[in-house]
Amino acid sequence: MGNIVLLDDLTINKIAAGEVIERPANVVKELVENSIDAGAKNIVVEIKNGGKTFIRISDNGKGISIDDMPIALERHATSKIRQIEDLEKTYTMGFRGEALASIVSISRLTIVSKTLDMPSGIKLVAEAGDILGTEEVGSQVGTTMTVENLFFNVPVRYKFLKNDATEFRYIKELVQKIALANLDVSIKLINDGKNVFQSSGNGNIKDIVYTLYGKEVKDNLVEVDHKEGDVRITGVVGNTLMAKDSRKNQIFFLNKRNIKNQVLTSSADQAFKGGTGIGKYGFFILNIEMPATQYDVNVHPTKMEVRFKEEQVLYKIVYHAIKEALLNKEFLGNTDLENNKDTYIQNEFEFLTNHYNTTEENNSSKYISSSKIVMPTLEETNSKYMNMGNDGKLDLINRDEIRNVDYKYCGIVFRTFIMIEINDELYLVDQHAAHERVLYEQIKENYKNNIQNNSQLMLFPEIINLTHKEMEFVQNNIELFKNYGFDIELFGENSIKINGIPDIEYKIKIDTKDVFMDILDEMLTKERTTIKDVEERFIATVACKAAVKANMDLAEDEVHKLLDRLLKLKNPYTCPHGRPTTIKIGHKLDEKLICN
Ligand SMILES: Nc1ncnc2c1ncn2[C@@H]1O[C@H](COP(=O)(O)OP(=O)(O)OP(=O)(O)O)[C@@H](O)[C@H]1O
Ligand SMILES: [Mg+2]
């Protein structure tokens, strides 16, 4: 006799449940998405014990008819598509017809629902896939789903759940994301009887951001509304002060569905580059609206993964959307809003295209150690994404310095902070961070304009002795130094000769040797990192080491030169490491500024 048997329905459903329902938060996701698909404008999510014992989602959607109710629990039962082709015109969150079947196979599920046509509501109770009974009940139009004792018949799953607080945290993050994507739906979250938050459903993203993240975040966000062809991107991006060490605050929605996609993430990284500080990630919440014909969401049961038909086009649009918003930000009295999406900083553009890396970036051969940095070839530089227009030509993005800020210089405090007044507001500019940002842009600009010929020659070349490790790094990366303005030669086995340093147009006396050694030191301390990080860190380090320090006295004309340059930059907010260059102290009428 053979060994192969057909599995029973409950087993099949329990196995399928394993794909989408790993923890209570997944149940909440499926149920809230069903409410949204049903057109609900009010959704209440109630949780007890981290969702392990009790999850209730109530909505005012269109309800489930009496005939549909038992069918809804069947596997592959859906009202949302009829055939696979329908996916190309489906914008609902669900379409697989699996969620309820999965949930009911591993819990006790109670549904109370009423459609407009039904005289009264109907209540259905089911457990472990079996319907235990139905009865008429009084109810408003809408649906309430209660899930109790999740995983009661899948002990292995139950065992892997975290404590209640952690499970609730997952739920909260999930519900917050859904609220951020569905601005026209009011969502309330209640945990163990306490209100955790409620979104207003008034359609204003800044209101919900304020509710979820607080005032400071809200004040440091720029709204995004960018359209290119069939694609529209809306949401918010954070200015440089909002950048964080993790990607936690990077959220993409595709037609309101939360997705993860590496190409889009890379695009965002490029757009934020130079503005977030090295090793930091920009803040964004973006919803991409585009025709369902342009992507496939049926890649994985959780629907987090998506395949785009024209990834490279979308890459560019996301880049434009973020960049445009960041550069349009009113800053330091700049009121000239730049609305032309093509006015980006050209040198930044070129710099960025040099550094675009594909998803194969994780390939270890592309990682460098302290001993070798491989400069991208021209072909790599002109790589497929950033610089290709629809016609395949290079998109030229022009520098357009229209920022024009009038400021009044008030003096320097602590030999470090330059005080300026702009439009009745008082600002403190950190002279080191500001100079660092200016030099960083300058070095990139030099690189753009005049590769390998942007050195400021020194009167007397300097010979520096190096250790074996340092020497190896310089030998292997001599192009990197030259590209960014170091005129250096190998000089015997253990030394190098420095003839020139990057032309930074400042008279500030810098000790060439110190600067060079500091850079080497910095480059050698962090060993394994990607090419683009190394190069960016290199420039940031050069800028940092060559910049005026705190406690260095600046002459007034030097201060003005620094401020003029800083205020003209498209991104004057932080130094390349992410430290703010400028802090707003307050308005002339602010109480805190008036001494009694
Ligand atoms: N809150 C609700 N209001 C109205 N109808 C609902 C609700 N929840 C579920 N339904 C109905 O039950 C059906 C089955 O839901 P289920 O979540 O299992 O599948 P789906 O949403 O169609 O697809 P997926 O498995 O991808 O979520 C839905 O197609 C819908 O018709
Ligand atoms: Mg569903």
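**Exercise 1. Determine which polar backbone atom of Ala99 contacts ligand 1 and at what distance, then extend the search to Glu98 and Leu100**.

*Solution.* Step 1: a polar backbone atom of Ala99 lies 3.0 Å from an oxygen atom of ligand 1. This is a polar contact, a pair of N or O atoms within 3.5 Å. Step 2: for Glu98, a polar backbone atom is 2.7 Å from an oxygen atom of ligand 1. Step 3: for Leu100, a backbone N or O atom is found 2.9 Å from an oxygen atom of ligand 1. Step 4: of the 590 Å² of accessible area that ligand 1 has on its own, the protein covers 93% (Shrake-Rupley method, 1.4 Å probe).

The model is predicted, and local features need pLDDT of at least 70, side-chain atom pairs pLDDT 80 or more, while totals for chains, interfaces and linings use all residues. Residues are numbered from 1 along each chain as its sequence is written, chains are lettered from A and ligands numbered from 1 in the order in which they are written, and side-chain values use heavy atoms, without hydrogens and water.

**Exercise 2. Describe the shell around ligand 1**.

*Solution.* Step 1: the shell has 22 residues, of which Thr78, Ser79, Lys80, Arg96 and Glu98 come nearest (a residue is near if one of its heavy atoms lies within 4 Å). Step 2: helix H2 (24-37), helix H4 (99-105) and strand S6 (142-148) each contribute at least two shell residues; helices (H or I, at least four residues) and strands (E, at least two) are DSSP runs numbered from the N terminus. H2 gives the most, with three residues. Step 3: by type, the shell holds eight nonpolar, eight polar and six charged residues. Here Ala, Val, Leu, Ile, Met, Phe, Trp, Tyr, Cys and Pro count as nonpolar, Asp, Glu, Lys and Arg as charged, and the others, Gly among them, as polar.

**Exercise 3. Locate ligand 1 among the pockets and characterise the lining of its pocket**.

*Solution.* Step 1: ligand 1 sits in the second largest pocket, as more than half of its atoms lie within 2 Å of the grid points. A pocket is an open set of points on a 1 Å grid over the protein atoms alone, with protein on both sides within 12 Å along at least five of seven lines; lining residues have an atom within 4 Å of a point. Step 2: about 770 Å³ of space lies in this second largest pocket, a volume being the space filled by probe spheres set on the points, which are joined across faces, edges and corners. Step 3: Asn34, Ala72, Ser79, Lys80 and Leu100 are the closest to the pocket centre of its 36 lining residues. Step 4: H2 supplies the largest share of this lining, five residues.

Note on methods. Polar contact = N/O pair within 3.5 Å; in protein donor to acceptor, adjacent residues only side chain to side chain. 1 Å grid on protein atoms, 1.4 Å probe; cavity = no way out; pocket = protein on both sides within 12 Å on 5 of 7 lines; lining within 4 Å.
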